[in-house]
Amino acid sequence: MWERVLDRADIHDPEARQGYTAQLQAVRRFAPAEYLAARLLLPSPVQPDIVALVAFMHETDDRIDRGLRQEREAALRRWRDLTSEALTSGTSSQPVLQTLAWTVRRHPGLHGRIGAFLDGAVKEVRWERFGSEAEVERYIEDYSLPALMLSMCLLAPAAAAAAADFERACLALITAMQRLDFLEDIAEDIREGRIGISDEALARHGLTAADLGPEAAGTAPVAALVAGQVATAGVYLEAARPIAALAATEYRPFLRAVLRVQEARSAAVLKAGASLVAHPCRPSAARCGAALIREMVRRNNLWKRGDTQGSCVKRGSQ
C-alpha cells in the first residue's frame with residue numbers, strides 16, 4: 001500500500017523511498033492517531049510530504065523540550081544550523097532532515113514556513129508561565145500556528161484570499177488544540193515547573209499556580225477552571241469549522257475528522273475535570289475511530305456518486 005503511495009507521489013529514487021518510509025514508521029510510533037487519519041483520509045500524492053513535515057516538527061519539539069532553559073536554547077541553535085545546512089546543501093546525515101530537504105525540493109515555498117516555525121520555537125524553549133490570556137494567544141500565534149502550518153499549508157487553497165481565510169481558520173483550530181494540550185498535560189507540566197493556563201484565568205477561580213498540585217484533584221475550583229478552559233477552546237473550535245469547506249474536496253474528509261477528534265478531546269478533558277492535575281487524559285479511542293470511519297464512508301459515497309474533484313492534483317505549498 002505505501003509503495004503505491006510513493007509511486008503516486010512521484011517518489012521513485014530508492015534512497016528517497018527508504019527515507020520517507022523510515023519517517024512514516026517514526027510518525028506511526030509517536031503520533032498513531034494522526035498517522036491513521038493521514039493514511040486513511042489524505043490523497044496519496046500529499047501523504048509522504050505530510051509525513052516528512054510532521055516528523056520534522058516532532059523531532060524539533062523533542063530536541064528542544066529537554067533540560068534547563070539554557071540547554072534547550074542551545075539545542076535549538078544547533079538544530080537550526082543543521083536544518084539550514086540540510087536545506088542549503090540538499091543533504092544531511094540526520095534522516096529526518098534529509099527527508100525534509102527532499103520535501104522542500106518538491107515544495108520550495110516551505111522554506112518560509114520552516115523559518116517561521118524555527119523562529120517561533122524560541123518562545124517554546126523559553127515559556128514557563130503566562131501572566132495573561134494575551135500572552136497565551138501570542139505564544140499560539142508565534143509558535144503553535146507556524147508548527148501547524150508546516151503541514152497544513154500543503155492543504156491550503158491556491159487563491160490568495162481563500163488561503164488567508166484558511167489560515168485564519170487554522171489559527172482558530174490550533175488555538176483550540178493548544179488549549180486542550182495544556183489541559184491534557186497539566187499534571188506533567190506542573191512537575192516540570194511550567195503551566196499553560198494563564199495567571200489571569202487562574203485568578204478568575206480564586207487559584208494560583210501553587211494550588212494546582214495533585215492534592216487539588218477533585219476540588220470544585222479546579223473543576224470550574226477546567227470547564228472554563230474547555231468552553232474557551234470550544235469557542236475557537238467553532239470558529240475553525242469553515243476550514244474544511246475552504247479546502248479542496250479531496251482534503252475535506254481529513255479536516256472534518258480533525259475537527260471531530262478535537263470534539264472527542266474536549267469531551268474527555270471536561271469529563272476528567274479536576275483529576276487532570278494528578279494525571280493526564282486522552283480522548284476515547286472508540287470515538288476517534290468512529291470519526292475516521294464516518295469520514296471514510298462519506299468520502300467513499302461521494303466517490304461512488306462522482307461528486308469529488310479528484311485526489312490527484314499536486315499542489316505547491318502556500
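Trainee: Before we start, which residues count as positive and which as negative here?
Mentor: Lys and Arg count as positive, Asp and Glu as negative, and His and the chain ends are not counted. Each charge is placed at NZ of Lys, CZ of Arg, CG of Asp or CD of Glu.

Trainee: OK, and how far apart are the mean positions of the two kinds of charge?
Mentor: The mean positions of the 40 positive and 40 negative charges are 6 Å apart. Keep in mind that this is a predicted model, where local features need pLDDT of at least 70, side-chain atom pairs count only at pLDDT 80 or more, and totals for chains, interfaces and linings use all residues. Residues are numbered from 1 along each chain as its sequence is written, and side-chain values use heavy atoms, with hydrogens and water left out.

Trainee: Got it. How many helices and strands?
Mentor: The protein has 15 helices and 0 strands. Those are DSSP runs numbered from the N terminus: helices are H or I with at least four residues, strands are E with at least two.

Trainee: What spans does the C-alpha trace have?
Mentor: About 60 × 50 × 35 Å along the principal axes. The radius of gyration is 20 Å, which agrees with the value near 20 Å for a compact globule of 318 residues. That radius is taken over C-alpha atoms, and the globule rule is 2.2 Å times the number of residues to the power 0.38.

Trainee: What share of the residues is buried?
Mentor: Of the 318 residues, 50% count as buried. Buried is under 20% relative accessible area, exposed is over 50%, and partly exposed is in between (1.4 Å probe, protein chains only).

Trainee: Which members of the largest nonpolar core touch the most others?
Mentor: Phe56, Met152, Leu173 and Leu255, out of 100 residues. Helix α9 (residues 160–184) gives the largest share of this core, 11 residues. A nonpolar core is a set of buried Ala, Val, Leu, Ile, Met, Phe, Trp, Tyr and Cys residues joined through side-chain atoms within 4.5 Å.

Trainee: And what is Met152 in contact with?
Mentor: Leaving aside neighbours within four places in sequence, Met152 is in contact with Phe166, Cys170, Leu173, Ile243 and Leu255. Contact means heavy atoms within 4.5 Å.

Trainee: Switching topic: where is Asp10?
Mentor: Asp10 is in the loop between α1 (2–8) and α2 (14–30). Its phi is near 65°, a positive value in a residue other than glycine. Most residues other than glycine have a negative phi.

Trainee: Is Asp10 buried or exposed?
Mentor: Asp10 is exposed, because its relative accessible area is 51%.
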